[in-house]
Amino acid sequence: MSSIPTETDTQTKVQPEPYKPPRSRVWFKYLWDQYSVVFAFIVLVVFASILSDSFLSIANVTNVLRQISIIGVLAVGMTFVILLGGIDLSVGSVLALTGTVIMASQADYGMPVFTAIGLGLLAGALIGMVNGLMITYGKIAAFIVTLAMMTISRSLALYYADAGSISGTNMQYAAIGNGYLWQIPVPVIIFVIIVLIAYMLLERTTFGRHVYAVGGNVQAARLSAVPVYRVTILAYMICGLTAAVGAVIETSRLNSVSTSSSGMMYELDAIAAVIIGGASLAGGRGRVIGTLFGVLILGVLSNVMNLLNISPYIQGVVKGAIILAAVLLQKRG
């Protein structure tokens, strides 16, 4: 037979207060979530400067920044589609195809530089639009669509040039990839401009908020009247457009395009940079600033290994290990 609780019993059974972690731990978690990639970059730079005396020389730093500019531009575009929970495996081949369009427009059809660049950018955006249309209205997985586009783009470039190269003679075009502005290489300036534009798009516009909403929960975004299809198509168009910008940088540096090797495996480096920068492959999480530092980490890592004469055949092991570590840290977070 149960007894009625007395006033004294009620007073003694006080509910325990929920556990509150120390403020220092909360701050550390916040800093780690927001800036872990920055800390990793700083640690890497410190180690690199200790391991090699020439690492911090102006010539070497300039060289690193110039080298990462192409992958950096591609990675910025890749950030948009990964934030959606998608992926684009075609950016390397799109770079080769749009580079072919740009060089062929100049060398074979005598078009002015800016017209040729405009055609290349238009081609990149159109390829991205086709990817987006097939993913949204075609209901085909992004992996399959962009894998098919990768082979189609490469094949078209190889067919046009008989698997060879197309060279130009216009030194005005070559100045884009080899020139300097205020002692800064032009490709680096282009990369910074692309990062700033992407940052403004994602952080300061309705379109950016829609990208995060679709990547976070596509059904909830649809119920909230977010134009899911339009956002997806635009994101893939931006990815294709940045691949074309990468083509401008690469082909202008060499004043030629090699249809068999240009852009080869660039998509993997671009995806790796985005993941290292803290973006989630599931979508909805990631920032352009994180991608910027992801690109810097990959560039510094490659540079240090080259300075230390580490075999290029083993450098992929280090990069792969870092990608795995980044994903593991994301899961723990």
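# Exercises on helix packing and aromatic pairs

S153 is found in helix α6. The structure examined here is a predicted model.

**Exercise 1.** Determine whether S153 is buried or exposed, and state which residues S153 touches.

*Solution.* Step 1: the cut-off for a buried residue is a relative accessible area under 20%. Step 2: S153 has a relative accessible area of 1% and is therefore buried. Step 3: leaving aside residues up to four places away in sequence, S153 touches S93, V94, L97 and I127.

**Exercise 2.** Compare the span of helix α4 with its expected value, and state how many of its residues are buried.

*Solution.* Step 1: helix α4 covers residues 91-107, which amounts to 17 residues. Step 2: from first C-alpha to last, α4 reaches 24 Å, close to the 24 Å expected at 1.5 Å a residue. Step 3: of the 17 residues in α4, 15 are buried, and the helix is mostly covered.

**Exercise 3.** Describe how helices α3 and α11 are arranged relative to each other, and identify the residues that make their contact.

*Solution.* Step 1: the axes of α3 (residues 58-83) and α11 (residues 228-254) come within 7 Å and cross at roughly 170°. Step 2: angles over 145 degrees count as roughly antiparallel, so α3 and α11 are roughly antiparallel to each other. Step 3: on the α3 side, the contact includes R66, I70, V73 and F80, while on the α11 side it includes Y236, I238, T242 and R253. Step 4: sorted by class, the contact of α3 with α11 has 13 nonpolar, four polar and three charged residues.

**Exercise 4.** State how many aromatic pairs a search of the whole structure finds, and analyse the pair formed by F80 and F207.

*Solution.* Step 1: the search finds three aromatic pairs. Step 2: F80 and F207 form a stacked pair, with 6.3 Å centre to centre and 20° between the planes. Step 3: F80 lies in helix α3 and F207 in helix α9 (residues 206-216), so this pair ties together parts that are 127 residues apart in sequence. Step 4: F80 counts as buried at 1% relative accessibility, and F207 is buried with a relative accessible area of 15%.

**Exercise 5.** Analyse the aromatic pair formed by Y137 and Y229.

*Solution.* Step 1: the pair is edge-to-face, with 4.8 Å centre to centre and 75° between the planes. Step 2: Y137 sits in the loop between α5 (113-136) and α6 (142-160), and Y229 in helix α11, 92 residues apart; the pair thus links distant parts of the chain. Step 3: Y137 counts as exposed at 56% relative accessibility, whereas Y229, at 24%, counts as partly exposed.

Conventions: Residues are numbered from 1 along each chain as its sequence is written. This is a predicted model: local features need pLDDT of at least 70, side-chain atom pairs count only at pLDDT 80 or more; totals for chains, interfaces and linings use all residues. Side-chain values use heavy atoms; hydrogens and water are left out. Axes are lines fitted to C-alpha atoms, for helices over the stretch in contact, and angles run from 0 to 180 degrees between N-to-C directions. Helices (H or I, at least four residues) and strands (E, at least two) are DSSP runs, numbered from the N terminus. Angles under 35 degrees count as roughly parallel, over 145 as roughly antiparallel, 65 to 115 as roughly perpendicular and the rest as oblique. Contact means heavy atoms within 4.5 Å. Ala, Val, Leu, Ile, Met, Phe, Trp, Tyr, Cys and Pro count as nonpolar, Asp, Glu, Lys and Arg as charged, and the others, Gly among them, as polar. Rings of Phe, Tyr and Trp (its six-membered ring) pair if their centres lie within 6.5 Å; planes under 30 degrees apart count as stacked, over 60 as edge-to-face and the rest as tilted. Buried means under 20% relative accessible area, exposed over 50%, partly exposed in between (1.4 Å probe, protein chains only). The expected span of a helix is 1.5 Å times one less than its number of residues.
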